[in-house]
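Student: I'd like to learn how to read the fold and the inner spaces of a model. Can you walk me through one?

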Amino acid sequence: MTAAELPDDFLADIQEIFRKTPVLLVGSGFSCGYGLPGMGILAEHLATAVHDALTSHGARNVWAQSVEAVKKNLEAGLSRIPLGIPESEEIVSAIRATTAKLILESVIAAEAKILGAGATGGHAPSRLLHRLFSGSPQNAESIHVITTNYDTLLELFCDLAELPLDTGFTGFRRRKPRPHPLFQAQYSRVLVAEKRQQQLDHRLCKTVRLYKPHGSISWLTTNDGPVEVLNDVSAVGRAIVVPGPSKYQDAMVNTLFDAMRSEMNDVLLKAEALLCLGFGFNDDHLQGVIKRRLAAGMPVIIVTRDATPNIDQLLRDHAHVIAVFKSGDGAVCHWNGNTLQSPEPLWQLDDFLKKFLE
């Protein structure tokens, strides 16, 4: 079956999901498309770089016992390091610093490439964000974007789409997290005619709310808690949750991560639909709420290069989930228990948008 022969009902189902203004969930596969390191590359980098960052003999010995497992599977390998031992804090700190440095360097290169590319009609992520934003209800406070990535590519694509962005922080140079709740309705002041006079009125200002449950390279650690500072390339520690068992501890003890996770879960519980880009469903931070919503029949579209074992299981458990993967030079689409082949690379966001929505 060619792309031109894809069933009309299939296209209609995708368009119907977009009419529900789905929550956008972005995983590492999205950033890998712009040269950011995936889990495999990060594991190889950590295997060598962390050793050099450790100073104590004990920490180096513990790391040496886990390094081969880290190379094979980053999350599983890091899980071999017990949190209760004295060396774990030094190792986690070294992993966090090494990861942040690699991501920061990669983001600088990726953003320079994106800004230097003259994308006809705009970059695909910016077009997607603009479509979700403009297609949401007029009285909506925001559209919701969740990412497990540390990088700032989504922030850049919001700027390129000229969309107002809310990250949960306020300020100018050293932006602090809002007191609970992190995300609040934004209003703009406008002049309106009232009984032959002009008066100020407050109108709802829709925003893109960006939830980053694993932190960001733009979040710096300070004695007063994390602050958001854009374009900072210093050696200051970054507030990011590293892979492995420590990420659950980090997310629970830090009030910012706890609040971010709580508000993100509330968004997922209320979502009418979900659109996943480059997300492999390997993250337990998100799995529980999403699985409950899937069981309740929430419509979901998954667009990613390759299926993971968790995605395969999800498709077996929930036939209503739509998924688009790479297949040779084209794509394979899973829809209502059917497998549709297309010669077009519809797993790439640009092709997906042009085929189904533009």
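Student: Among contacts in the chain between residues at least 6 apart in sequence, what share joins residues at least 24 apart?

Tutor: Contact here means heavy atoms within 4.5 Å. In this chain, 64% of the contacts between residues at least 6 apart join residues at least 24 apart. Keep in mind that this is a predicted model, where local features need pLDDT of at least 70, side-chain atom pairs count only at pLDDT 80 or more, and totals for chains, interfaces and linings use all residues. Residues are numbered from 1 along each chain as its sequence is written, and side-chain values use heavy atoms, with hydrogens and water left out.

Student: How many of the 358 residues, as a percentage, count as buried?

Tutor: Buried means under 20% relative accessible area (1.4 Å probe, protein chains only). By that cut-off, 50% of the 358 residues are buried.

Student: And empty space inside?

Tutor: Rolling a probe the size of a water molecule over the atoms shows where empty space is left. A cavity is a set of points on a 1 Å grid over the protein atoms alone where a 1.4 Å probe fits but cannot get out; lining residues have an atom within 4 Å of a point. A volume is the space filled by probe spheres set on the points, which are joined across faces, edges and corners. There are two cavities of 30 Å³ or more here, and the second largest has about 30 Å³.

Student: Which residues line the second largest cavity?

Tutor: Leu-24, Phe-30, Pro-125, Leu-128, Leu-129, Leu-154, Leu-277 and Leu-349 do.

Definitions and conventions: On a 1 Å grid over the protein atoms alone, a cavity is a set of points where a 1.4 Å probe fits but cannot get out, and a pocket is an open set with protein on both sides within 12 Å along at least five of seven lines; lining residues have an atom within 4 Å of a point.
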